[in-house]
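Here is a short tour of two parts of this model, a helix and a sheet. Please keep the structure open beside you as you read.

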Amino acid sequence: MAGIASVIKLREAGIDDVTVFEKADEVGGTWRENTYPGIACDVPSHLYSYSFAPNPDWSHTFSPGPEIQEYFRGVARREGVYERTRFGEEVTALEWADGRWTLATGTGFRDTYDVVIAATGVLHHPNLPDLPGLDTFAGAAFHSARWDHTVALEGRRVGVIGTGSSAVQITGALVDRVGHLDLFQRTPQWIMPVDNTPYDEAQREAFRTDPALMRQARDGLSRAFADHFANAVIDADSPAMALIEEACRAHLETVAADPVLREKLRPDYRAACKRLIASDNFYDAIQRPNASLVTEAIERIEPAGVRTADGELHELDVLVLATGFRVDRFLRPTEVRGRDGIRLDDVWKDRPSAHLALAVPGFPNLFLLNGPNGPVGNFSLIDVAELQLGYTIQLLDLLWAGAESVEPTPEAAEAFEQARVEATKGTVWVTGCRSWYLDDRGIPAAWPWSIDHFREVMQAPDLSQYRVAGAEVGAGA
Ligand code: NAP
């Protein structure tokens, strides 16, 4: 998503000498990798679209994953991204020397570039659970982001480990196909009810004939998302947060027939403390006669299934690991060496960080889209990437004006990080739950301010925060 946007935005800014490196054989990132049944985006489709490529044909408010992947492929095709992309080229090393980046890939390709933009995503490397006996399972076992479509599901006994967004979508989609579904829940989740009414042909035709309608829809959704969700999560005591909590609590009450099940599904922490889940079918699915919610801890995996702490063996044919992602990777495992040979892995030894979630001191002319500590769970990552690109291109203007390099000063990065950590204290993410937002210190690795503030900051770089080398440009030169 961010790589495609980079090509287009850079070209708009007059920068056409751009090469995209893609380790896979297709564009699409998350939407190429995640093909599990039920996959959709819980950001409304007219908001989860590039601002410069509205799509009148979205089928639903929250359109399914394959449609989103087709959208990205279509934009990439129309905008000439494929022609600029070297597929099957995993970037293995980046080294800053003599004012340029030398980039090397796994195929032996090497070349030098003035600037590198890392559009490598956030939730990419699967988190495989460390469950004893996992490799002894006799059936098929795979991670949700590595769905094995050759495995038959119809009428079979399927186990799903996890209750995050992926597991919830998988459960809703699988329950009617499989013989029996066991959902292994370590922690219950609050579920926000959503209305996913399809757009009808008349609405799509209206969007086609009047693009202004689409812009209005996008702007309206953007405003609503910012005010009702993004502002709520950063202020745990806000009225907006109270409304979300109320909606989730009322939604849980719809599990009425089986009070024991309802209580098993009830979290003991606040809504949106973990990444809030949106679903219109999960509670219905988990109440089906062929579904079981297993809340006993998993003791081990055996050839025949999952053994829980109460001694019960849950016999299974298929085991789905919807266990999330390693969220601290970003552009790793690429070996990145910056100024004076410093390794990004060493700088990020404790945890990843970046000035404004975008750039790292000591790593000139390197920009991370949706990098560490950005608005990862608050907003549409497409908007975030577009805003970051607009900001980055202004920094690149310094290079085209004669500077050799630009990077944040350590002081600016440190000041940003301190302010960020301080601001996380009022967020809902620290109200008492375990989640992937929290770093090893229990501090949310996320943007703790409003989206409006993010927009403001991204309007124009404050050059006093940057070291601009090789030219008399800006206050930091
Ligand atoms: P996730 O939210 O990290 O959830 C992982 C689940 O696996 C959790 O329920 C976790 O339990 C459980 N788990 C992990 N290790 C386990 C173990 N060893 N034993 C038992 N349970 C274990 O992962 P995800 O569902 O793939 O979602 C990741 C993120 O991707 C989401 O938060 C969201 O940002 C994004 N996403 C978005 C959409 C969308 O519609 N836009 C869809 C899917 C994913 P605990 O809760 O106890 O840790």
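Let's begin with helix α13, keeping in mind that the model is predicted. The buried residues of α13 make contact with two other helices, α6 (211–233) and α11 (381–400). Which residues of α13 are buried? In this helix, which runs over residues 451–459, they are I451, F454 and M458. These residues lie on the same side of α13, because they cover an arc of only 50° around the axis. The spacing fits a general rule: an α-helix has 3.6 residues a turn, so residues three or four places apart point the same way. E456 and Q459, on the other side of α13, are exposed. Take a look at the start of α13 as well, where the backbone nitrogen of D452 has a side-chain oxygen of S450 within 3.4 Å.

Now for the sheet. Five strands form an open sheet with parallel pairing, in the order β7-β16-β8-β9-β12. At its edges are β7 and β12, each pairing on one side only. From one strand to the next, the twist averages 15°.

Within this sheet, β8 and β9 pair in the parallel sense over five bridges. One pair to find on screen is I161 with its bridge partner in β9, F184. Helix α4 (residues 165–174) packs on the sheet and touches β8, β9 and β16. The direction of α4 makes about 165° with that of β9.

Here are the strands with their residue ranges:

| Strand | Residues |
|---|---|
| β7 | residues 140–143 |
| β8 | residues 157–161 |
| β9 | residues 180–184 |
| β12 | residues 291–294 |
| β16 | residues 318–321 |

Note on methods. Residues numbered from 1 in each chain as written. Predicted model: local features only at pLDDT ≥ 70, side-chain atom pairs only at ≥ 80, totals over all residues. Heavy atoms only, no water. Buried < 20%, exposed > 50% of the residue type's maximum accessible area, 1.4 Å probe, protein only. Helix = DSSP H or I, 4+ residues; strand = E, 2+ residues; numbered from the N terminus. Arc of directions from axis to C-beta. Contact = heavy atoms within 4.5 Å. Polar contact = N/O pair within 3.5 Å; in protein donor to acceptor, adjacent residues only side chain to side chain. Pairing = 2+ DSSP bridges. Axes fitted to C-alpha atoms, helices over the stretch in contact; angles between N-to-C directions.
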